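Student: I should like to understand how the terms used for a structure are justified. May we go through them in turn?

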Amino acid sequence: MADDPLVIAGREFGSRLILGTGGAGSMALLEQALLAAQTELTTVAIRRMDTGERTGVLDLLARHGIEPLPNTAGCRSAAEAVLTAQLGREALATSWVKLEVVADDRTLLPDPIELLDAAEQLVDDGFTVLPYTNDDPVLARRLADAGCAAVMPLGSPIGTGLGIGNPHNIEMIVSEAQVPVVLDAGIGTASEAALAMELGCDAVLLATAVTRADDPPRMAEAMRLGVQAGRHARLAGRIPRRFWAQASSPARD
Amino acid sequence: MNVLVNGEQWVLPAGSTVADVLERLAVPSTGVAVAMDGAVVPRASWLRTPLRPGALIEVLTAVQGG
C-alpha cells in the first residue's frame, strides 16, 4: 500500500529506515545489509586517515546511490562537534549533519547543553541539522525552535538494544513536533522499530541491531518490514484498549 | 619545519602547503577534509595554503560509524 515519502528539509525519501554503517564485520556484509534495508540515507563517521588509506565506505555508498550522512560521533563539546560537522561538510560536500554531542563513554547520552549550543551554531552556519537527542520533549522542542530539520530522540542508550524505554515521552515529542521525528538509538529488534513507528515517529535510525546481529542482512530485512508494519499500523489507527472483552462475532439469537 | 599531522611529528621543507601533506599521505583527494589549527582548510585552498611551523594538521575522511 502506498505511503507518503519521508520529507526532511524539503528532501523526499521513499525509505523510513535510516541504517547506520557502524559495527559491521565486513564491507561485504554491510553492503548486503544496506541493500536489504533499502535505506536511502546512512550515517558515516569522520575520522583521521592513515597513510595510503582509501575511502571504502564512500565508494560502496556511491555505487548504490545511498546518501551519506556525516555524524559528529565521539564529540564531547559544542566546539568539537561544530568543527567535525564542518569537516564532514568539506569531505562529503553535504550540508547535512547528524549532530551528536555525548556526555560520557559509559552512557553515551547526549549532553543537552552542548547539543543545543552546537545546533544553534550549525543552523547559523547553514547546516541541515539532525540532532541525536534525549527523549526529553522540552529539549526536542528547543532543538526544533533552534531550526533543526528533524529531532532524533533515543529509545534507550546507543548500542544497548533495550528498545524504547519511555514510549510516552516519544509520543509527547511526536505530538508537539513541527519537524520530523526519527527514533535514533536503542532499537534491538524489529518489533521495537515497529513500535517507534506506531508511536508516530516518521522514521527509525539504527545500526548496531543490524550490524551486530548474527545475520545482518536478514535483520536489515526484518527492520525494513518492521518499520513498514509500524507505519501502516499508525496510519490505519489502532483500536482503543478496553478493559473487558468485546465479542467480534454476532451474538446468537 | 616541524608540523603535527594526525598526531605524528613530520619534518617538511619550508614553504610546504596543505596539498604537499596530502600527497605524502597518498590519500584520495575526494572524500577528504583538512583542518589546520582547528579550522577547516577548504579544498580550493589546499595548493595555496602554506603550513605554519608547528601547525596541528588533521586529515580526515568518512568511515563506517553511527
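Student: In this predicted model, which residue of S5(B) does Ala45(A) stand opposite?

Tutor: Ala45(A) faces Val63(B) in S5(B).

Student: What makes S4(A) and S5(B) a pair of strands, and in which sense do they run, parallel or antiparallel?

Tutor: Two strands pair if at least two bridges are found between them. S4(A), residues 41–48, is joined to S5(B), residues 56–64, by 5 bridges, so the requirement of at least two is met. The two strands run antiparallel.

Student: How many residues does each chain bring to the contact, and which elements of chain A take part?

Tutor: Chain A gives 31 residues and chain B gives 22 residues. In chain A, the elements that supply two or more residues are strand S4 (41–48), helix H2 (56–63), strand S5 (67–70) and helix H3 (78–92). By class, this side of chain A has 16 nonpolar, 9 polar and 6 charged residues.

Student: Why are S6 and S8 of chain A called edge strands?

Tutor: The open sheet has 3 strands in the order S6-S7-S8 (chain A), with parallel pairing. S6 (96–99) and S8 of chain A each pair on one side only, and they are the edge strands. S6(A) and S7(A), the latter being residues 128–133, pair over 4 bridges, and Val97(A) stands opposite Val129(A) in S7(A).

Student: Which helix lies across S6 and S7 of chain A?

Tutor: Helix H4 of chain A, residues 112–124, lies across them and runs at about 170° to S7(A).

Student: How do you know that the buried residues of H6(A) are on the same side of the helix?

Tutor: In H6(A), residues 167–176, the residues Ile170(A), Ile173(A) and Val174(A) are buried. They cover an arc of only 100° around the axis, and therefore they lie on the same side of H6(A). The face turned away from that buried side carries the exposed residues His168(A) and Ser175(A). Among the elements that cover the buried residues are helix H5 (137–145), strand S8 (152–153) and strand S9 (182–184) of chain A.

Student: How do you know whether the radius of gyration of chain A agrees with that of a compact globule?

Tutor: A compact globule with 253 residues would have a radius of gyration near 18 Å; chain A has 19 Å, so the value agrees. Of the 253 residues, 48% count as buried. The C-alpha trace of chain A spans about 85 × 40 × 35 Å along its principal axes.

Notes. Residues numbered from 1 in each chain as written. Chains lettered and ligands numbered in written order. Predicted model: local features only at pLDDT ≥ 70, side-chain atom pairs only at ≥ 80, totals over all residues. Contact = placed C-beta atoms within 7 Å. Nonpolar A, V, L, I, M, F, W, Y, C, P; charged D, E, K, R; others polar. Buried ≥ 20, exposed ≤ 12 C-beta atoms within 10 Å, placed from the backbone. Arc of directions from axis to C-beta. Rg over C-alpha atoms; globule rule 2.2 N^0.38 Å. Axes fitted to C-alpha atoms, helices over the stretch in contact; angles between N-to-C directions.
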